[in-house]
Amino acid sequence: MGCFQTGIDDASLRAMWKVGVSAAWRAAYRRSVRSAFATVPFYRERWALDGRTDPVLVPGRTGTDSGAAPLAEAVHKIIDLVPLAGGTRRIEPNRGLGPVLRKARSVTGDALVVVLGDDWTLPPTDLPRGVRCCLVDPEAPVPGVLAELASALRGGRRVVAVGDDKQLAVFADVLPEDRAYRVESVPRRELDTMDSGPYGVLHDPALGYLGAIEECGRWHLDWARVYARTTPGGLAFTLLRQDSPRFVDVLPAGGVRGEIVPCPRHGTPVVLT
């Protein structure tokens, strides 16, 4: 049976993908901005008084840093990030881990994901079906959790650990020496500490997980859930699917200069700093 010829080469398909992604992405962002202006006290007051761009909500007022706000300021006024109709003010540092892990390490099936950090955080709710998760403070691990991890490794189960460099090193030291090498480490990076990988997930303590290094070696945004744009104050991020607290055009890490460009291989948005 002969091959079906479409007459469209890979470059043309990537170009079509870029156009489609860009239009859908920007439309979702504009809906988030207008919804925030209508329903969230922090943005209603800020943009009504000072204005913003992209889109312009108050004609003639462009706002400071094109309307973007320092993330630290937004978190300080967390109660004003709750929509008028109500919602939670709880920050979710593990939001978005499932989608970015699929990009970073293709985590599926019956894998066990170990999230390293303080034990007060809530586990992620968006891991793929069948994937289990445990939270571990590597400085004070619970013996029962370590026993479960050792059992999973002995049984040949896939174990993926997510944390910063220090946490990953300490965690490796508390595991049995003959099993620690089997743990797949995924370094957690913030916007101002991005490197060249080869593996990594992009994270912010308030916004959660924003993207990951894909096989092309570039930092891909989780564009279905996260929007980013360049402003005079740095890269501003918007969580497209979080109802409360609402984060729209906030500047993580004090404002980091960078660009959002389409990946030459995949066409979807990548972060350059």
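Visitor: Does Glu-184 count as buried or exposed?
Guide: This is a predicted model, where local features need pLDDT of at least 70, side-chain atom pairs count only at pLDDT 80 or more, and totals for chains, interfaces and linings use all residues. Residues are numbered from 1 along each chain as its sequence is written, and side-chain values use heavy atoms, with hydrogens and water left out. Buried means under 20% relative accessible area, exposed over 50%, and partly exposed in between (1.4 Å probe, protein chains only). Glu-184 has 18% relative accessibility, so it counts as buried.

Visitor: Which residue meets the side chain of Glu-184 in a salt bridge?
Guide: A salt bridge needs a side-chain nitrogen of Lys or Arg within 4 Å of a carboxyl oxygen of Asp or Glu. For Glu-184 the N to O distance is 2.8 Å. The partner, at 17% relative accessibility, also counts as buried. It is Arg-105.

Visitor: How many residues apart in sequence are Glu-184 and Arg-105?
Guide: Helices (H or I, at least four residues) and strands (E, at least two) are DSSP runs, numbered from the N terminus. Glu-184 lies in strand S5 (residues 184-189) and Arg-105 in helix H4 (residues 97-105). The pair therefore ties together parts whose separation in sequence is 79 residues.

Visitor: In which sense do S5 and S6 pair?
Guide: Two strands pair if DSSP finds at least two bridges between them. S5 and S6 have two bridges. In S6, Val-201 is the bridge partner of Arg-188. The sense is parallel.

Visitor: Which residue in S7 is the bridge partner of Val-201?
Guide: S6 pairs with strand S7 (residues 208-213) in the antiparallel sense, over four bridges. The two strands form a hairpin, with three residues between them. Within S7, the partner of Val-201 is Ala-212.

Visitor: Which residue points the one way from strand S6 with Val-201?
Guide: Strand S6 covers residues 201-204, and its four named residues are buried. Leu-202 and Asp-204 point the other way. Val-201 shares its side with His-203.

Visitor: How far apart are the closest N and O atoms of Arg-26 and Asp-54?
Guide: Arg-26 lies in helix H1 (residues 10-39), and Asp-54 in the loop between helix H2 (41-50) and strand S1 (69-70), so their salt bridge ties together parts 28 residues apart in sequence. Arg-26 is partly exposed at 29%, and Asp-54 is partly exposed at 22%. Both belong to a salt-bridge network that also links Arg-52, Arg-229 and Asp-249. Their closest N and O atoms lie at 2.4 Å.
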